[in-house]
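Me: I'd like to learn how to read helix packing and overall chain shape from a model. Can you walk me through it?

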Amino acid sequence: MAQDRPTAAELLTAIADFLREEATPALDKAEPRLGFQMRVAVNSLAILEREVRLGPAADAREHERLTTLLGRNATLDELNRELARQLRSGERDESDVALMAHLEATIADKIAIANPKWR
Amino acid sequence: MTVHMPSETENVARVLAAATGRHFGAPAVIERLSRQSGGASRQTWSFDALIRGERHALILRRDPPTRGKTDRERAVAIDRATEFRVLQAAHAAGVKSPEPLFELTEEDALGEAYVMRRIGGIAIARKLLRDAPYETARGRIASQLGEILARIHATDPATLPALPRREAADHIAELRRSLDALGQPQPVFELALTWLDRRKPAPLDRPVLVHGDYRTGNYLVDEAGVTTILDWELAHLGDPVEDLGWLCVKSWRFGAIDKPAGGFGSREELWSAYERAGGGKVDPVRAHWWEVFGTAHWGIICLNQAWKHLSGSIRSMEHASIGRRAVETEVDLLQLLKQGA
């Protein structure tokens, strides 16, 4: 059953905005150490908001690319395990163009969620 | 009747008064004792000791009786007694480092602990990179770090305590063990470790004292520049270029991405200051290897920090959230590997 609005992303944004704009300044005055922790928490909520919004499509794309790259179907975790094994053994390396395209696309989707400002 | 249970701070103050008095041979009054940032397992406390009317600015480094240390920390970090001896050797060799004063004893019951002099300056990268009072310092930091590092690496090995020797191959094996322990497949880190394994530099005939965590955040700076090098717990014997590479990992630039040397200068500035101060000639290919290694190393440390929370050894939102920073190094690793070398 669909939940009423706000959506998960909308609710996370509302919580993060409240904590950032109202709770953090008050904490900074009362207890700077907790003010710092609160910034970490607010930043984590922003990650979750992006993950709720962007994560499912990113996972689906990663799964599809891995299925093509490895030529078989399995769960996302199983495919990544197989890829990790091939990379540790050296069966594949950075000279593999399709591999590098897959990793770049995967990491681009991951950083867009974890820290879109990273350069 | 109410019974007063002494707080941890009161207990530390009482022990410090006795131990500091013992060291200076006169009664000591402890003032302004406060716990600094740092984990539950490796604590740093700041305090003043008043002795014969003189105020001494001091620091207590302390590991409480084993709590919250992961196997990996036990495997890579040296204990406090060894750290104390490394500091003694480095300080005696003229390295800008805190002067170690005395160790606490088992009867003091604070765990492994020692006291050193407190040195002025700040470590906070964001302030150092942007605030007006550090304008002059900013232009000096990269070359000062090169000079100090040359001194660290020149420390006479005969003056050092027994330290683990860690070569490129040992580091790679250690990181692969970490990945295996975490249990989540990590294709980009596997790719990077295989790249590193195939190109790893040969072990040195004469390994030197490597600081092991030489980066922005682990040294103090005042208006005139670097005052002291902190955080010696990852000291080991190995390749001096390891420290040069680690300092240039992008994660310590805090946005100043065009200044690889800790956010304050170019690699060439750092290397030439290092060479002028008596460090060996820096091979750019070797330095690049250690920079790639450092980037993978930091990423896997991020995963490990999250694992401390997930495994229950430390319950900490801060540790948990660091896990999501690992991907920053994956971005950097793919860029570095594309650059080749």
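Reply: Let's go through a helix pair first and then a whole chain, keeping in mind that this is a predicted model.

Me: At what angle do the axes of helix α2 and helix α4 of chain A cross?

Reply: Fit a line to each helix and compare the N-to-C directions. Here α2 (residues 32-70) and α4 (residues 97-114) of chain A cross at roughly 170°, with axes that come within 8 Å. Angles over 145 degrees count as roughly antiparallel, so α2(A) is roughly antiparallel to α4(A).

Me: Which residues make that contact?

Reply: On the α2(A) side, they include Ile47(A), Leu54(A), Ala58(A) and Arg61(A). From α4(A), Leu99(A), His102(A), Ala105(A) and Asp109(A) are among them. Sorted by class, the contact has eleven nonpolar, six charged and three polar residues.

Me: What does the UniProt record say about residues 30-118 of chain A?

Reply: An unreviewed UniProt entry annotates them as "domain: DUF6285". In the model that stretch is 81% helix and 0% strand, and its end C-alpha atoms sit 31 Å apart.

Me: Now chain B: how does its radius of gyration compare with that of a compact globule?

Reply: A compact globule of 341 residues would come out near 20 Å, and chain B has 21 Å, so the two agree. Its C-alpha trace spans about 70 × 45 × 45 Å along the principal axes.

Me: And how many helices and strands does chain B have?

Reply: Twelve helices and nine strands. For packing, look at burial too: 45% of the 341 residues in chain B are buried. Then check sequence separation: of the chain B contacts with a separation of 6 or more, 68% link residues 24 or more positions apart.

Methods
Residues numbered from 1 in each chain as written. Chains lettered and ligands numbered in written order. Predicted model: local features only at pLDDT ≥ 70, side-chain atom pairs only at ≥ 80, totals over all residues. Axes fitted to C-alpha atoms, helices over the stretch in contact; angles between N-to-C directions. Helix = DSSP H or I, 4+ residues; strand = E, 2+ residues; numbered from the N terminus. Parallel < 35°, antiparallel > 145°, perpendicular 65-115°, else oblique. Contact = placed C-beta atoms within 7 Å. Nonpolar A, V, L, I, M, F, W, Y, C, P; charged D, E, K, R; others polar. UniProt positions renumbered as here; feature names shortened; annotations may be inferred. Rg over C-alpha atoms; globule rule 2.2 N^0.38 Å. Buried ≥ 20, exposed ≤ 12 C-beta atoms within 10 Å, placed from the backbone.
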